[in-house]
Amino acid sequence: MSSSPRTLRRALTAATAAAAALSLTACGAVTAADAGSTADGGFELAPYIQERLDDDKPMRIKLSYHDPSLAFATPITAGMKKAGKEFGADVSLIGPTGGDAAKQVSEIQTLIQQKAVDGLAVSSASSDALKPVISQAHKAGIPIISFNTDNPDSEQMGFVGQDLKGSGKAQAEELRKNLDGDVNGKSVVVFSVDTGAGWSHDRFNGFKEGLDGSGLKIVGPVNVGNEPNSAYNTVESTMSGQSGVVAVAGLDCCSTTAAAKWVAQSGKTDDITMGGFDLLTQTSEYIERGVLDFTISQNPAEQGYQAVKVLNDFLTKGTEIKGVDTGAQFITRDNLADATVED
């Protein structure tokens, strides 16, 4: 007679030696204990979570997103709910409207203190902002990963999302392919909704690497913020002071649409090559009209799905936590009809 994954897990967590044999490279051995972190920095599952596993209760998995009001959160939620239904997990997307890091930290701390979460995935606007609370969760014995935006050098147990630096480099290389003639000394203007965010730094660093040796001058990245009208006004004022611009790049969903709106309204569609990120309804319309040459989808629905799957599999099966690269898909007019709009 075969044993269920939960029964097997109970046997594994009953003995330290058996737990060590799991060799979970992302986090060390997993056992139930009175405290979370071990003296050597390994991970021990919180007793209350083990009790829920023993009682066959659904795992409460929370995805803390840095700003659920963003359109990008909609497909993340859809993927999360799909995984929750498939794996029988109790899932929810939480986070502060407007990207307030202090409020996000406070919300996560409350979950930890109230023992109201069994698995946690976090996405932060700043890679440094959540490091302390990630450590708190880890020490409390709560499995924690990052998704969408990475938190390197933290105590996260894995990352689910796009290779941000790699995607920025790919964006720059694709822009170069689309540019005609001699561009030496010409300019490319780069926009971001939050130039101070870790994800923006990573993507921009990749972008710079991708333009190395092109002869193009980079202007920016210019911070436009999340509010659409304000973002457009910032793009407009920035572009009015530029000359010799042959390319424009948006590092995210909303700076992309704001910049594309300016390109369209300025009548410079034929003169400026433009690339962006994500595939909102507006973005797809700009691609169809030829305003935007391409955008890069980071598959947010898959990010939501995989974040739940990774945590639930770890909890219920003892599966090793590994990073999941959700990829970078180039969307152009040629394959737009087959692409999934992200809002």
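1. Let me start with the sheet. Six strands make up an open sheet, and their order across it is β7-β6-β8-β9-β10-β12, with mixed pairing. At the edges sit β7 (217-223) and β12 (329-331), each of which pairs on one side only. From one strand to the next, the twist averages 20°. Please keep in mind as you read that this is a predicted model.

2. Within that sheet, have a look at β8 and β9. Strand β8 covers residues 245-250 and strand β9 covers residues 273-277; the two pair in the parallel sense over 3 bridges. If you want a place to put your cursor, A247 stands opposite T273 in β9.

3. Next come the helices that lie across these strands. Helix α9 (residues 228-240) lies across β6 (187-192), β7 and β8, and α9 runs at about 160° to β6. Helix α10 (residues 253-266) lies across β6, β8 and β9, and its direction is at about 155° to β9.

4. Now a helix pair that deserves a paragraph of its own. Two packed helices are described by the angle between their axes and the distance between the axes. For helix α7 (residues 164-178) and helix α8 (residues 198-211), the axes come within 6 Å and cross at roughly 40°. The two helices are therefore oblique to each other. As for handedness, α7 passes α8 in a right-handed crossing.

5. Which residues bring α7 and α8 together? On the α7 side they are L164, K165, S167, G168, K169, Q171, A172, E173, L175 and R176. These meet W199, D202, R203, G206, F207, E209, G210 and L211 in α8. By class, the residues of this contact divide into 6 nonpolar, 5 polar and 7 charged.

6. T149 is a good residue to click on next. T149 is found in the loop between β4 (144-147) and β5 (159-161). Is T149 buried or exposed? Its relative accessibility is 3%, so T149 counts as buried, the cut-off for that class being under 20% relative accessible area. Leaving aside neighbours within four places in sequence, T149 is in contact with H66, V122, S123, S124, F159 and W199. One of these, V122, is 27 residues away from T149 along the chain, and the C-alpha atoms of the two are separated by 8.1 Å. Another of them, W199, also appears in the list of α8 residues that meet α7.

7. F43 is another loop residue, placed between α2 (16-20) and α3 (47-54). With a relative accessible area of 1%, F43 is buried. F43 and M157 are 114 residues apart along the chain, while their C-alpha atoms are separated by 9.5 Å.

8. For a helical example, try S284, whose place is in helix α11 (residues 281-289). S284 has a relative accessible area of 13% and is buried. Its contacts, leaving aside neighbours within four places in sequence, are L279, L336 and V341.

9. Finally, some figures for the whole chain. There are 12 helices and 12 strands. Buried residues make up 53% of the 343 residues. Of the contacts with a separation of 6 or more, 71% are accounted for by residues 24 or more positions apart.

Terms used: Residues are numbered from 1 along each chain as its sequence is written. This is a predicted model: local features need pLDDT of at least 70, side-chain atom pairs count only at pLDDT 80 or more; totals for chains, interfaces and linings use all residues. Side-chain values use heavy atoms; hydrogens and water are left out. Two strands pair if DSSP finds at least two bridges between them. Helices (H or I, at least four residues) and strands (E, at least two) are DSSP runs, numbered from the N terminus. Axes are lines fitted to C-alpha atoms, for helices over the stretch in contact, and angles run from 0 to 180 degrees between N-to-C directions. Contact means heavy atoms within 4.5 Å. Angles under 35 degrees count as roughly parallel, over 145 as roughly antiparallel, 65 to 115 as roughly perpendicular and the rest as oblique. A crossing is left-handed if the near helix is turned anticlockwise from the far one by less than a right angle, and right-handed if clockwise. Ala, Val, Leu, Ile, Met, Phe, Trp, Tyr, Cys and Pro count as nonpolar, Asp, Glu, Lys and Arg as charged, and the others, Gly among them, as polar. Buried means under 20% relative accessible area, exposed over 50%, partly exposed in between (1.4 Å probe, protein chains only).
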